[in-house]
Amino acid sequence: MKSTSERSTGEVASLLLGDDAPSVQPSASSSGAVVKKSFDNENISTIDWRADYKKEKKKRARIFEQQGVLALVQQAYYASQGWIMTFVVGIVVGIAASLVDKGMEWVSGFREGVCVNWFLATEKRCCVDVPVGVECPYWRSWSQLFGISDLNGAYAFNYFAYVFTAASMSVLAAWLVKCLAPWAAGSGIPEVKTILGGFVIKGFLGIWTFLIKVVGLILAVGSGLTTGKEGPMVHVGGCVGNIASRLFSKYRNNEAKKREIISASCAAGVACAFGTPAGGTLFSLEELSSYFPPKTLFRTFFTCVMGALTLQVLNPRPSGKIVLFSISYHVNWKWFELLPFIFMGILGGILGALWTKLNITYIKYVRKRYLAKWPITEALVTSVVTSLLCYWNEYSRIPMSDLIAMLFQNTCTENSDSEEMIRVLCDPTNFWPLGKLIISFVLRFILMFWTVGIKVPGGILVPALMLGACYGQVIGSLMKYIQITYPDSLFFQECYAGGEGSCIVPGIYAVVGAASMLGGICRITVSLAVIMFELTGGLEYLVPLMLSTMFAKWVGDAFDNVTIYEHNIEMSEYPFLHNDEVDHDGNAKDIMTTHSLKVIYAEGVTIGDVKSGLLTDETKIYGFPVIDNSVDRRVLGFISQAALREAIKENDRRINDQTEIFFADLSVSPRQEHLINKIDLSNYLDEVPIQVPTQMPGDRVYNMFRAMGIRYCLVLHSSKLVGILTKKDLARWLHHSHHGTAKQNSNTSSPKSPHALSVETASSAVNINSISNTKVSLNIEDQEEEHYYQQFEDEPRRDDTTRNSRSRWK
């Protein structure tokens with residue numbers, strides 16, 4: 001039999017406590033390809049909220065017990081670090097949002113021409129001094145720059161330039177992501193949810209990812225792809241928060257406290273993207289964060305306010321307002337309009353569920369199977385097709401955010417300041433503009449589920465709003481047409497004689513439709529209603545917005561109660577614990593890992609044993625249980641690998657490899673009392689690690705992990721250590737239970753009973769079935785252990801009390 005010491009690094013590293021460790025064991029995908037599961041990815045590790053907050057509490061107590069003027073200054077600085085950081089983070093996120101806005105506006109305009117007076121000026125800023133209705137002499141299309149005067153030739157050349165520049169920008173964005181920062185692809189919201197749920201994804205929130213995300217976002221969204229910047233701004237904000245936390249000692253080495261800052265900075269990303277501080281705060285609370293205490297809520301709102309103030313100062317948007325969209329009319333809605341508002345909510349739920357199904361199906365069965373190796377080519381083809389199809393239709397050619405702003409402003413009145421392409425939608429005798437808007441909706445709907453997920457930065461929030469605004473505008477225009485055609489109908493009796501436009505405003509329908517579509521895809525309600533209210537400034541439309549978003553969520557959940565972000569988490573197999581109740585069968589023994597469990601004996605282990613057996617470069621695990629001996633395996637505590645390294649570093653001058661480890665707070669043997677060369681590690685020991693019996697139901701284990709924020713728990717059978725269970729194992733179990741597959745361990749199949757436990761100690765690595773007489777090996781016969789468990793199972797059931805007090809293997 002191969003001893004544990006002879007096992008491969010992959011086996012050793014894939015211990016259950018080894019959330020930081022890689023697993024080299026491949027697993028086959030449905031297509032037969034060998035892939036590395038995210039559950040075992042060395043780039044993803046868990047955090048221990050309980051341990052981090054305990055460490056923070058000790059550090060705070062140590063600082064505040066000091067006396068003197070200097071101590072008071074230090075205490076004041078320590079207490080104010082959170083507010084200082086949120087202040088800085090809010091400003092930096094606001095600056096980043098301003099750069100993205102200005103960059104996207106210029107890149108988008110560059111597809112159609114340039115400003116001859118100032119190359120970096122957009123069309124709106126280039127012609128700001130030119131009266132409305134007068135041709136701007138400073139802005140030149142590509143055909144004008146090249147001197148093409150023929151009408152057909154100019155159209156063809158502008159068409160070619162539009163497609164070429166858009167494709168070039170998309171290819172550059174995909175190349176930057178592939179070669180420099182792979183984590184910068186997509187919106188980043190599924191990964192942010194995973195991180196805020198208690199995991200660490202190495203490199204995802206780094207400075208290089210931040211830079212590529214900003215540049216790639218400007219290029220991808222500016223190229224005209226059916227994607228938006230608002231979702232990726234969550235990722236940008238998270239990067240700013242993570243980078244800023246490295247500058248403050250309170251957050252630098254405390255992952256739990258760092259999550260508070262990341263949560264606030266992600267909310268600031270949404271707030272700066274839309275210009276909605278309250279909505280950004282609620283979005284983080286409703287959609288992103290798993291842990292959101294009142295203190296974090298207040299700091300998050302403060303961060304969002306600082307970001308919004310920075311936007312106001314920099315003024316990156318042509319409207320001069322911080323909000324992305326706005327309305328200038330305030331007409332009360334009528335009671336009969338509740339029916340079309342509810343209808344739009346139902347329609348948004350149906351279309352949102354359909355879009356989600358199409359997008360996930362395409363990613364699973366097309367992109368992952370055939371296009372995964374060609375991200376740049378896929379971005380090129382997507383951009384070319386998008387440009388070719390969208391150029392001829394003015395409703396699909398202009399940037400999606402500009403179209404949404406126009407549709408929101410449409411009032412169908414004679415004094416409306418809407419552009420001509422929007423005013424023509426109100427003509428009851430001309431259905432061609434409505435037809436073109438419907439064509440734009442269908443085209444963008446198809447392009448959206450095709451585009452979302454390609455390896456460029458981009459999100460779904462603005463495209464979803466655009467789709468909803470399109471069908472909302474169509475429904476509003478039809479309602480206006482019906483009201484004009486049948487003015488004496490009982491249905492419209494509530495309309496008062498206040499002039500044209502005083503009854504039905506199509507722009508309101510566009511606002512409500514936009515909210516319903518986004519709610520149908522993302523299944524958010526409260527934060528979405530607040531964001532739309534802050535965007536438009538129309539308090540009187542809050543009830544229709546809430547009504548439509550609620551119906552969108554109800555109908556969407558009826559088809560599929562999993563959101564698009566949770567679908568992406570599941571496809572990527574991120575170890576994320578959802579807020580939903582768990583209804584899977586199983587208990588702790590079905591979830592735990594029993595392979596290659598490393599332990600430390602309370603007596604007989606030296607520093608040399610620890611260095612050679614536990615603190616090697618290959619051992620990338622979190623920590624080790626401390627047990628009394630190999631027979632009883634009674635848990636005395638738990639010590640992390642980081643604590644061991646810190647203890648050895650702090651006492652390096654007075655210890656050597658022969659120094660024996662002991663724990664004074666535990667029972668000390670007479671031999672240990674007379675030792676001279678010894679070191680007490682009680683200060684580094686967690687004496688009360690979470691322990692559960694093997695028969696604890698899986699749903700109770702799940703709720704315990706979520707409620708307590710723990711990283712691991714030790715599994716005991718009849719007071720004996722038999723395994724360890726971590727958040728990654730829980731997520732893996734949930735994934736396989738959901739898909740109806742058996743649990744897949746990192747290395748081999750689960751042992752049939754607890755006696756098969758393989759334990760590695762500090763001074764030697766042996767299997768529990770082997771017979772070894774060294775001081776720290778496990779000297780238990782296989783037959784003896786088997787007899788013990790068989791005797792336990794065959795013991796007669798005396799009464800209900802006895803039966804319920806025992807943990808049984810079934």
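**Figure 1. L180 and the nonpolar surface patch.** L180 is a residue of helix α6. The model shown here and in the other views is a predicted one. With a relative accessible area of 32%, L180 is partly exposed, because the partly exposed class runs between 20% and 50%. L180 belongs to a nonpolar patch on the surface, together with L172, W175, I207, W208 and L211. The accessible area of these residues taken together is about 570 Å². Two helices, α6 (151-180) and α8 (207-222), each contribute at least two residues to the patch. C179 is also shown; C179 is partly exposed, at a relative accessible area of 40%.

**Figure 2. The aromatic pair W183 and F204.** The search of the whole structure gives 21 aromatic pairs. In the pair of W183 and F204, the ring centres are 5.6 Å apart and the planes stand at 85°, so the arrangement is edge-to-face. The angle passes the cut-off for that class, which is over 60 degrees. W183 sits in the loop between α6 and α7, and F204 in the loop between β6 and α8, so the pair ties together parts that are 21 residues apart in sequence. Are the two residues buried or exposed, or partly exposed? W183 counts as partly exposed, at 24% relative accessibility, whereas F204 is buried, with a relative accessible area of 0%.

**Figure 3. Helix α7 and its surroundings.** Helix α7 covers residues 189-196, and 8 of its 8 residues are buried, so the helix is largely enclosed by the rest of the structure. The buried residues are I189, P190, E191, V192, K193, T194, I195 and L196. The list therefore takes in E191 and K193 along with residues such as I189, V192 and L196; each has under 20% relative accessible area. Which elements cover these buried residues? Among them are the helices α2 (49-64), α9 (230-245), α11 (255-274), α12 (277-288) and α24 (564-572), and also β6 (199-201). G198 follows α7 and has a positive phi, near 115°.

**Figure 4. The disulfide between C115 and C126.** The structure contains 2 disulfides, and one of them joins C115 to C126 with an S to S distance of 2.1 Å. This pair links distant parts of the chain: C115 belongs to strand β4 (residues 113-115) and C126 to helix α4 (residues 123-126), 11 residues apart. The torsion about the S-S bond is about 70°, so this disulfide is right-handed. C115 and C126 are both buried.

**Figure 5. The disulfide between C127 and C136.** A disulfide also joins C127 to C136, where the S to S distance is 2.0 Å. What is the handedness of this disulfide, and which torsion sets it? The torsion about the S-S bond of C127 and C136 is about -90°, so the disulfide is left-handed. C127 is buried, with a relative accessible area of 15%. C136 likewise counts as buried, at 15% relative accessibility.

**Figure 6. C304, a cysteine without a bond to C272.** The cysteine sulfur closest to that of C304 is in C272, at 7.4 Å, which is too far for a bond. A disulfide would need the two sulfur atoms within 2.5 Å. C304 is buried, and its relative accessible area is 0%.

**Figure 7. S223 and its contacts.** S223 is located in the loop between α8 and α9. At 1% relative accessibility, S223 counts as buried. Leaving aside residues up to four places away in sequence, S223 touches V107, R111, A166, M169 and S170.

**Figure 8. An aromatic cluster, with the whole chain for context.** W106, F110, F119 and W142 form one aromatic cluster. The chain around the cluster has 810 residues, of which 58% count as buried. The chain holds 32 helices and 17 strands. Of the contacts between residues at least 6 apart in sequence, 75% join residues at least 24 apart. The accessible surface of the chain is about 34,500 Å², and 59% of this surface belongs to carbon and sulfur atoms.

Notes: Residues numbered from 1 in each chain as written. Predicted model: local features only at pLDDT ≥ 70, side-chain atom pairs only at ≥ 80, totals over all residues. Heavy atoms only, no water. Buried < 20%, exposed > 50% of the residue type's maximum accessible area, 1.4 Å probe, protein only. Helix = DSSP H or I, 4+ residues; strand = E, 2+ residues; numbered from the N terminus. Contact = heavy atoms within 4.5 Å. Patch = residues over 30% accessible without salt bridge, like charges linked within 9 Å, V, L, I, M, F, W, Y side chains within 5 Å. Areas by Shrake-Rupley, 256 points an atom, 1.4 Å probe, with all protein chains shown as cover. Salt bridge = Lys/Arg side-chain N within 4 Å of Asp/Glu carboxyl O. Phe/Tyr/Trp six-rings, centres within 6.5 Å; stacked < 30°, edge-to-face > 60°.
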